[in-house]
Structure formats: structure tokens, C-alpha cells
Amino acid sequence: MWRAVRFPSLWLPGRKAVRLSSSNPPKPSHPFPSPSNSSPRPQAEKQRRRRAREEAIMSSQHMNWSEKQKIVYTVQTSPGAKKDTSLPFPSSYSPEYVESSWYQWWEKKGFFSPERHEQLSHSVDQTFSLCIPPPNVTGSLHLGHALTVAIQDALVRWRRMQGYRVLWVPGCDHAGIATQTVVERRLLREEGKCRQDFTRDGFIQEVWKWKNEKGDEIYHQLRMLGASLDWSRACFTMDPSYSRAVTAAFVRLCDSGLIYRSEGLVNWSCALESAISDIEVDSKELSGQTMLFVPGYENKVEFGTMYTFAYPLEGHDGEVAVSTTRPETMLGDVAVAVHPDDPQYQAVHGKQCRHPFTNRLLPIITDPTVDMELGTGAVKVTPAHDHTDFLLSQRHSLQRVTVIGGDGTMMPCCGQWLEGVKRFDARQLVVDALVEKKLFRGKKTHAMTLPICSRSGDIVEPLLKKQWFVRCNEMANKAIQAVEDGQLEIIPHYYTKTWKNWLSNISDWCVSRQLWWGHQIPAYQVELPNSTDKQEELWVWGQSEDEARQRAAVKYGVKPEAFTLTQDPDVLDTWFSSGLFPFAMLGWPEQTSDLQDFYPNSILETGSDLIFFWVARMVMLGTELTGQLPFKQVIFHSLIRDKYGRKMSKSLGNVIDPLDVIHGVSLERLQEKVKEGNLEPREQLVAMEAQTKDFPNGIPQCGTDALRFALCSHKIQGEDISLSIPQVLGSRHFCNKMWQTLRFTLGVLGDNTAPVGTLEECFPLSSMDRWICSRLHSTVVQCEHAFKAYELHTVTSTLYSFWVHSLCDVYMHENITTVLLCVGSARQMASTVLYHCVSMSLALLSPFMPFITEELWQRLQPFRSGSTDQASLCLQPYPHSSQLAHWHFPEEEKDFLLVQEVIRVARSLRAQCGMTKEKPVMWAVCSPHQAQVLLHFGSAVWTLSRISSLQIYCPDGADNLLPVYSTPPPEGSLIGVVDHTCQLHLHVQSGMNIDKRILQLSQSRAKLVPKLEEILCRVQSSDYLTKVPAHIRQQMDSKMSALQQKLQTIEDQLKVLQEMQREE
């Protein structure tokens, strides 16, 4: 049974209640974004938009709540049992009622498994496979994840309903850095212990313990979102089988020379004490002196400043002044570089400087890469802490001195006065020491780019480390070629340029990470007996220590027991393991049946922000390790921003948990979540203030279907998506519209449970039946084309428009008398048409709104021929245009466009005259063909225009064509223009606000006159006839004629109204 309770609903200023049929068709409450321009905006335009967003935030209105009925499904249903839809139909839509029990039934019945394919009567011999971008095990999904799920699940459900053998694999990433950080914080908070208090194995056990407690939250959220994933194949990147795949990939790449060990300058996060990859480095542009918070420092640190100090020349009078933004690294300087053509330094070429603190001699070298205009024109060379200087040291054979350690403190080689001091604290100590030695020459503000670790927020420190690198150049060229040859398609296509540019300039990829949680690198350092060369490192690799030992014995010609092996303590970059996902999830390197059936994947669908992190690496690794591209198409969707266009960030308080949108949440709970997070106190205050402003009463319950539909209603292949809660609420209103439509349909079908006629047997006869059937056919055609082009926003807008504007606002509104009062064949045909329109629309919407469509479709099953109790909508054939060919009446659709315009103008005339309740007589002055159309749809015109009758007059004569015609309309009638050959006339005796109508007409005239003048100016130009093509001239003549007609009509009406005004 179900019971009614109360819950807060949202009231928006200016929004009307949604009714089943409205005289004014409502516009979709979720805006469908227009196509975007992919070219970058000028900086001024970006700043203007930013200011506009800030003003919008400051002036935003609060959402006001009102109480609304909530219905809960309370029938005791065992897990996996089918929901009882024979109960009385609730009076209104409630997400909690609708979404109860369905997913458990789908999952238990195995509807999402590809093995179910063989049981489908409409199965086809085609496969559709893809993987979900594995979210991090550390946290919960956000709206960006929800967008990915909504898009992918729509495509998956569409293909499954088309009869494809579908496999959609769920997965979760072990997220090395993020997970280790979360567990370390937990241990410190709960036990007062740090990682180093445990053995490595002991700490990893703690991580697994945390994962087993918290790691399933992601999967719970995916189920709540209705994702039709095959859970029997769920894949975690630290599972034993997946770990074997990672080890096999590393060994094979080492064997082929694509992974090597080398000393190189890596991006280092001192906060994490680990290397990070190039694409995990964010660039922060500073216009000048800026104070920033840095992890591990109590006070802000100064950046964007250029310091100048002098090195005295050795053996000569004079000095060389150098400029730098990092004076603390001068302890690692090994040379001074100048441009060979710089005239001010010609005399010091080949000379040396004396380091004031280390006493080291620094050669003055020349290099054409030095910028003579920057600073003093002379630069300090610090190869161990600067990427440019590292390359310069290679060209000039310079030594490399590391002065900053992995923890971000100064090394012992700097001297006791600096040893152990934090690097940015050391900066001021070095400057003070230079001042004391009278070598400091000043500082000034300086624009610069600051590298920041995207994982920790720390300032990236370039450090010299021996690490494992992936040689990327050859694999990158293959990835570029795959796109250029058409083997791999990137959608939208403008990303192909980004793809080529990045891969053409790719650096080798450092895959070593100094962590404990992750895949420990399967490489072993070999220590040979009686070895005297301690500098040279000897390494082997293998899928196990035994295999590595055997390889070492062969490589170095010694017995397996005669040497020591020590496994590299580092782990592999998380992106290395996730780059294997499309084939490792299917059992690679074993040749499993899944690998043979579903690899390569059909598509990859993901956010555009992962193009380098994940997509390019999957293509490179997949091609190299399997000999095949991992997928045939890559579809990038846009990123989600908040309603003001801001990037979603925890510190801004605008990150929204999709479950909070689905279930609703109070402001108090939202703010509790902020406090439970890892934000600094000042960031907490900012976030909570933003939440209070945007959600003063919390977030209302919207439901999964509404959230999914709202997400897919945006153009995903364009600009970033700005999503707001009111947009999702608009989709919830649509759900209620669907619910009420079903109530009406069930009422029409009545208690008689005899099956309605089949679709093939249904041949509509009445004008309105033929029109709605043809509209459904056109809707299916549009959906077919849009789905194939991955334009989901077009599918959703098409389906919304059909259901609301065609089915509800026109067909059901006009047909309600016919359906309820008529008997016999007319009622039976109308009922059958209504049943199939609703049933097929539910199937069309099912990929986007799986819960409500299943609920409503199941309630129609008693009227369906051949239905079974265990049938599910998610496995029914997706509607296709060929099965509706006998419902295609293009002339009816074309003619009804005139009817809709007549209805619009008639309503406008009634409104202008204040006739909200009266049903006046109107006259239509039109062409004979238009008269035929209006007579054909006469009932719809009267009903939807709310007029008592429509008198039709054809000034060109139609005695032989029309069965009914009238005399001309009365003199002095108000006129509404439908088009240049059709006008509506309304004769009003009294009750109209004449002054208001005169103002309206004058305003309309003021808008039309400039348009007509613009056209006349073009038409009357001297080269119009010679330069403008004939078909364009014809269009211009039509526009000019229509405008002249409208203006003449307005002048005539104004003349009549002014006479009425004088008579008063």
C-alpha cells in the first residue's frame, strides 16, 4: 500500500502550476542550450562574463518552498521481487514512490547482462561495449559523474532496446595519492599515528580495511542513478586479476624498450613527497607580487617578485648581476649564463664567479637561449631545480647540485644555517645574507606562471630523481595517425586539433610514485656478489620475483641464488593502471571470451578534461599492448558548472551531491557535509555562506529521472554546462505531467482489460488522430537521427515537445470530449491511438527516465496483447520509424501548422480584449486552401481557441470548393495577422481597453517600420538586381510583402480604434 505524507516543494517567482492541458503551451522549464562557438573568447569578454556572474550571484533570489504531498511505496517487497503495480494509482507523482524496488528487480533478473541478449525476440548480431570512467574509491559522486552516467546509460539502454548485445562494465579506481592521503588523515585523527608508524604491509592492510568499509558508496550511488551496469563484472583496479594485468603491461613495455629508468628532473610535490606527472601540474598566472597560502606554511608566501643579486668575478674587479624569482635555489647554482651576442657581457665570456656561500667557482657560459631582455640579461643556472637549466646543463656538461629535499627543506650541503629550513622560509634568509654581504641589488614585481600540484595544492618543486619513464613519442605518433586515418573518431571533431597538438609535443611520462598504496613496480635492483661499482644500478623486471631472478641470472651470467634482489619500493602512477581499463577489465592478458567478444570497445564517453590524463594514454597503451585501438569512437562531453558559470569546487560550496538532488537535503545537512570535509576553516566559511545564499531552504526532492533528463537536455558537445536546481525541478514537473497523462489514459481505457488493437491494426481516420499519429512518427524519426549523432539534447527536447505540446496541450485537450462522450468505433479508435502514443512515448523516454517509464508502462500492460508478468520496458524494442510508416501523414502535419498559428492569434486577440471566459465568434479571412484546412480541423480550432464558432470568408471566392462559407466580417473588427493571406477578425462591442490596444499596436508598428525600411534600402540599391541571386530576391520580395501587409493591417486597426475612442 501507499500512504501520503507532506514534504517541502519549491516555489519559483512567476512560475505557474503545471496542468494536464493548458491553453497556453508551457515552454520547457529546462533551457536547451544553443550551439556554442568553439573559438576562445577575448580576455575582455571573459572578464565581462565573470563580472556578470558575480552580479548574478549578488542579486540572486532565494528559492521559496511550499508544502506538497509526498507519496511513499510501503508494500513489503522482498529484495529483487517485482513491484506491485496493481495497486490504486496514486493521485500525483512522487519520486520516492516511483523509484522504489525497480532497480533491485532489474539487477536480480539479469536484465543488464549481455547473456540476456539471446533471449530477446528482437536481438541483432551486433555488440555495444564501453566502460565507465572509474571514479576514485575515496569519495562520492558529484554532478560531473552524474552527467557521465546519464549520457552513457542513455546510450546503453538505447542500444540494448535495439537488440544489441550490450556490456557496460562498472569500475572503481584505487586512486593512489587520494586514498593514501584519506587513510593517513584518518589514522592521525583516530589513532594519533602516521604512516611511518606502520610497516608497509600493515599500512596497506589499513587501506584495505577502509576500502571495505567505505569503498562501496560509489556503487550504491551508481545504482541510485539507475545505471544499467553489469555488476557481475565490476572491476577494482587493485583486484588480483587487474593487478596481474598491470604487472604484465609494465614487463612487456620494459621488454620492448618503452619503459626505462633514468635520472631526470621530475615534478615533485613536497606535500605528498612524491613525483607527479606533467598533466597533474596546474599553472597559476600571476600578474605581479601575490601572497598565497602554501600547504605546510602558517603564513602566506610571496610570489611574483624578481630578485636581483650579484656574483663577484673571480680574479677581476667587477661583478655579474643575475635576476631570479627563486633566490633560495642559488645554493645550487653551478654557472652563470649570458647570450653570446649580448654586448654588455662580451668581456666576461669564459671567466668565473665565486659563490659567496659555498665558495664554488661558477663558469660564465654563453647560450643563445638566454633572454637578453629579461632581468639583467644574465641568469643563474640551477640544473637540479629548473627544467630549462637542466637542458642547459646537458648541453654544457654542467654538474647538478640538489639543495632542496623531497620534504621541501634545505639539504645539508647548504650549510648549517639553512639545513632543515623550509624552502620558502629559506628564501628570506638567503636574501638577508646577500644584503649582509652587500650583494643584494633589489627586487621588483614580476609577472610569472606558478606550477601548482593539482592533487595537493602545493607549489611544484622540480627535483632530480632516478625514476621509471614511459617513452611516449612513438606511441603518440601512432595515436595521431589513428585519428588522421579515420580509425579513431573524436567527437566533437574540433578536439582533433587539441589531440594532435598535445601528442606532437609530448614528453616522456614519469610513472614512479613514492607511495605505499598502489601497484608496486615489478622491477628489482640486483646486487651482484663482490660488486665494486656502487654507482651503477643494475635492474631487472618480471611478473614475479622468481621470474625476475631467472632473468637476472641469464642477464648477468650468475647463479640465481648468488645475488640479492630488492624490489623498487615505489608504486606506479594511478593513470598507468587506469590506462589499461578497456582491456584489463575484460581479463587481459588472458584471452578470455569477454576480451574476444567485447574488445575493442564500441565507444568511450567521458569528460573533455580527461583527454590527456586518461584518453590519450588508453589509446597509446591499448594499441601497443593489444595491437588494436581500445575503442572506435571517443565522445567528449562538456564540463558542469554552477548556475553562475563557476567551476564546481568544494571551497566555493557549489559542489552538489547528485543524491542530494534525488532525495532532497536540508541546508543544515549541506553545511554538516562541509564541516566533515577537509577544507580549511576560512574555506569552510566561504562555502557555507554560498550554500546559505543559494539554498536557504536546502534542495528539494527532484528524483533520479528528473536529474537525468535535465542533464541530458543540455548540449553536451559544446560550451560548459551551467546547471541549476530549478532546471531539474522543471524536469520533475514534466514527470508529473507524464503521471497525470497516464491517469487520464487509464481512465479512458476504463475497467475493461481486453487488449487494445495492435499498432499494425490501427489505422487512424479522424483528422486529429491522423495528426497525432503522424507527429509521433516524425518524433521517432528525429530521435533516430539524433541518437545516431549522439545529440541527446535533441532527443530530449523532441520527446518533451511531443508529450507536452502535441499529446497533452493539443490532442488530449481537443479530444477529451470525443473520447469520454462518444461511443462505438470513434471512441475505440481514439482510445487505441491514445494508448499507443503513450506506450510508445514511454519506450522512447525509457533510456533517459528508466524509473517512471517502467512504472507507467507496467500499468498499461493489462491492456497490451501478449504481455507477460516478467516483461520489463528496458528490454522492449526501441520504437523505429519503419513500424510507424502507416502512421505517416505529412500533409496533416503541414496543414496543422496553420491551425496552430490560427489558435495562437485567436488566443492573443481574446487576451487583448480581456475575454478570459467568453467564447466569441471569429471570422477567418483566408485563401481557399487555408479555408479547407480550417474546416478539416474545425473542432480543434474551436476547442483550443476557446471560440464558439469560426466564420470563414474567402475574398477570392470558394463557392465550388467549400461546403461552408460566410459573408465578410463586420466593419470595425479587431484583426490578428496569421500570415500574408490569412487574418482573424474579432468584433468587439464593449469591454475592451482601447487605450491599451492602441499602445500595443503602436509598439508593433514601431518595430516593423525599421525592418521594412532596411529591406527597401537593400532592394532599391543600384546593384541589387545584378549581385543578388534570384531566389534571394524572391525571399526578400516575400518578406517585404508580408511586412507591408502587417503594417497596413495595423494602420487599419488603429484607424478603427481611434474612431471608437472618439465615439466614447
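How many of the nine residues of helix α21 are buried? Nine of its nine, so to speak a full house: the helix, residues 704-712, is mostly covered. Keep in mind while reading on that this is a predicted model.

1. **Helix α21.** The buried set here isn't just greasy side chains by name: Thr 704, Asp 705 and Arg 708 are on the list. The rest of the buried residues of α21 are Ala 706, Leu 707, Phe 709, Ala 710, Leu 711 and Cys 712.

2. **Strand β35.** Here's another element worth a look. Five of the five residues of β35 (residues 982-986) are buried, so the strand is largely enclosed by the rest of the structure. In a regular strand the side chains alternate between the two faces of the sheet. For β35, both faces are covered: Cys 982, Leu 984 and Leu 986 are buried on one side, and Gln 983 and His 985 are buried on the other.

3. **Who pairs with β35.** Strand β32 (residues 921-925) runs antiparallel to β35, with three bridges between the two. In that pairing, Trp 923 stands opposite His 985. Strand β34 (residues 974-979) is also an antiparallel partner of β35, this time over five bridges, and Leu 974 has Leu 986 as its bridge partner. β34 and β35 make a hairpin, with two residues between them.

4. **The largest nonpolar core.** Leu 984 from β35 turns up again here. The largest nonpolar core has 182 residues, and those touching the most other members are Leu 807, Tyr 811, Phe 848 and Leu 984. Helix α24 (residues 792-821) gives the largest share, twelve residues. If you want one residue to click on, try Leu 807: leaving aside residues up to four places away in sequence, Leu 807 touches Thr 741, Ile 772, Phe 802, Met 812, Leu 834, Cys 837 and Val 838. As a general point, nonpolar side chains in soluble globular proteins tend to be buried together.

5. **A separate core.** Apart from the largest core lies another, of 66 residues. Its members include Trp 468, Trp 509, Tyr 599 and Phe 636. Trp 509 has a charged visitor as well: the charged end of Arg 617 sits over the Trp 509 ring, 3.9 Å from its centre.

6. **Aromatic pairs.** The structure holds 38 aromatic pairs. One of them is Trp 771 with Phe 896, a tilted pair at 4.2 Å centre to centre and with 35 degrees between the planes. This pair links distant parts of the chain, with Trp 771 in helix α23 (residues 767-788) and Phe 896 in helix α27 (residues 890-912), 125 residues apart. Both Trp 771 and Phe 896 are buried. Then there's Phe 787 with Tyr 878, which is edge-to-face: 5.8 Å centre to centre, 85 degrees between the planes. This pair also links distant parts of the chain: Phe 787 sits in helix α23 and Tyr 878 in the loop between α26 (850-860) and α27, 91 residues apart. Both Phe 787 and Tyr 878 are buried.

7. **An aromatic cluster.** Tyr 73, Phe 89, Tyr 93, Tyr 97 and Trp 739 form one aromatic cluster. Tyr 97 has a lysine over its ring too: the charged end of Lys 83 sits 4.8 Å from the ring centre.

8. **The four-stranded sheet.** This one is open, with the order β8-β7-β20-β22 and antiparallel pairing. At the edges are β8 (274-276) and β22 (509-510), each pairing on one side only. Three bridges join β7 (residues 259-269) to β8 in the antiparallel sense, and Trp 268 stands opposite Ala 275 in β8.

9. **The three-stranded sheet and its helix.** A further open sheet has the strand order β25-β24-β26, again with antiparallel pairing. The edge strands are β25 (539-541) and β26 (564-567), each with pairing on one side only. On average, neighbouring strands of this sheet are turned by 35 degrees against each other, direction ignored. Strand β24 (residues 523-527) is joined to β26 by four bridges, and Val 526 stands opposite Leu 565 in β26. Helix α13 (residues 545-556) lies across β24, β25 and β26, and runs at about 135 degrees to β25.

Note on methods
Residues are numbered from 1 along each chain as its sequence is written. This is a predicted model: local features need pLDDT of at least 70, side-chain atom pairs count only at pLDDT 80 or more; totals for chains, interfaces and linings use all residues. Side-chain values use heavy atoms; hydrogens and water are left out. Two strands pair if DSSP finds at least two bridges between them. Buried means under 20% relative accessible area, exposed over 50%, partly exposed in between (1.4 Å probe, protein chains only). Rings of Phe, Tyr and Trp (its six-membered ring) pair if their centres lie within 6.5 Å; planes under 30 degrees apart count as stacked, over 60 as edge-to-face and the rest as tilted. A charge sits over a ring if NZ of Lys or CZ of Arg is within 6 Å of the ring centre and within 35 degrees of the ring normal. A nonpolar core is a set of buried Ala, Val, Leu, Ile, Met, Phe, Trp, Tyr and Cys residues joined through side-chain atoms within 4.5 Å. Contact means heavy atoms within 4.5 Å. Axes are lines fitted to C-alpha atoms, for helices over the stretch in contact, and angles run from 0 to 180 degrees between N-to-C directions.
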